[in-house]
Amino acid sequence: MIESLITFALLVLMAAAALGVVRLHDLFAVVILSGTYSFLLATVLVVFDAVDVAMTEAAVGAGMSTVLMLTVLGLTKMEETLPVHTPLLPLAVAGITGAVLIYATLDLPEFGIAEAPIHQHVAPYYLEHSIEQTTVPNVVTAVLASYRGYDTLGEVTVIFTAGIGVLLLLKGRRGRGKGGEGAA
Amino acid sequence: MILDTILRVGAKLFIPFILLFALYVQFHGDYGPGGGFQAGVAAGAMVIFYAITFGLPAAQRIVPPTVVEIMIPLGVAIFAGVGIVSLMLGANYLDYSPLAHEPEHGQHLGILLVEFGVLVTVAGTMTSIFYTFAGRFE
């Protein structure tokens, strides 16, 4: 009861933050609000007992993204440029996509029930055997790094690619400007 | 930037604990929430915090850009390298069982090594993205 009240309050605050992001034209406020949104989401995840995901959301979504966005804001303008076209077509696309997504949730198993297919497949095996097979008490870590090592290697490669991509795009040009190190 | 004494003193007080927290999240990830991703972001955030308070050149003297740029591929290499080691020891790729005498200890060791690889790549990427953006202010 208390838990659903807390979740409801947090979701209302998240909706308010999202509305603020849409309505405001001051990009500084928008960045801070999206950081707030991420932090609220992290709190929701804590309520759902998904602490590992919550930690990542708080660190990456609320912390790192906000800092990087603020740094980028320092390089550009603080005001959002008003769009020249009418927002009707994007609004329709977003509305229809949202309606389809909500329609799709009707087919999902009831929220939080143990009989959901996702809890019937490999999850029971991991929960039963992870300590004897890996001696690691945190099942999330065991699944992430050992049972699903391939996926995590893929994720690290994604981060690697993102980092190298940003460096190539931004540093390459600066190096050429100096006529120095980073030039290709 | 004249009234930033409080900020600087506060930063100096905080930064060791941020690093300690990052290491805690890293090595306690087997027992509690956390792991390489979160610890990497915390370690990167520490460098960024230092750079914001004391200036980019000061931060780059302590953590040079070349080092963080090498860290980006190094972490992936550590992760993939653990897989190759297990291949050479006769197991499947990324199967950590042969890394120690007991298969379950091998698994534990493998998880630690792989998480360290994640930490290195994430911390390197976060820091160098910040360095690159902040470097454009000059």
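**Two helical chains in a predicted model**

Biologist: What share of the contacts in chain B between residues at least 6 apart in sequence join residues at least 24 apart?

Modeller: In this predicted model, 67% of those contacts in chain B join residues at least 24 apart, where a contact requires the C-beta atoms of two residues to lie within 7 Å.

Biologist: What is the corresponding share in chain A for residues 24 or more positions apart?

Modeller: In chain A, such pairs account for 38% of the contacts with a separation of 6 or more.

Biologist: How many helices and strands does chain B have, and in which order do the elements run?

Modeller: Chain B has five helices and zero strands, so its elements read α-α-α-α-α from the N terminus on, and its C-alpha trace spans about 60 × 30 × 20 Å along the principal axes.

Biologist: What makes a residue count as buried, and how many residues of chain B, as a percentage, do so?

Modeller: A buried residue has 20 or more other C-beta atoms within 10 Å of its own; by that cut-off, buried residues make up 46% of the 138 residues in chain B, while in chain A 22% of the 184 residues count as buried.

Biologist: Why is chain A called more spread out than a compact globule?

Modeller: Chain A has seven helices and zero strands, in the pattern α-α-α-α-α-α-α. Its radius of gyration is 22 Å, whereas the globule rule gives 16 Å for 184 residues, and because the value is well over that figure, chain A is described as more spread out than a compact globule. Along its principal axes, the C-alpha trace of chain A spans about 60 × 45 × 30 Å.

How values were computed. Residues numbered from 1 in each chain as written. Chains lettered and ligands numbered in written order. Predicted model: local features only at pLDDT ≥ 70, side-chain atom pairs only at ≥ 80, totals over all residues. Helix = DSSP H or I, 4+ residues; strand = E, 2+ residues; numbered from the N terminus. Buried ≥ 20, exposed ≤ 12 C-beta atoms within 10 Å, placed from the backbone. Rg over C-alpha atoms; globule rule 2.2 N^0.38 Å.
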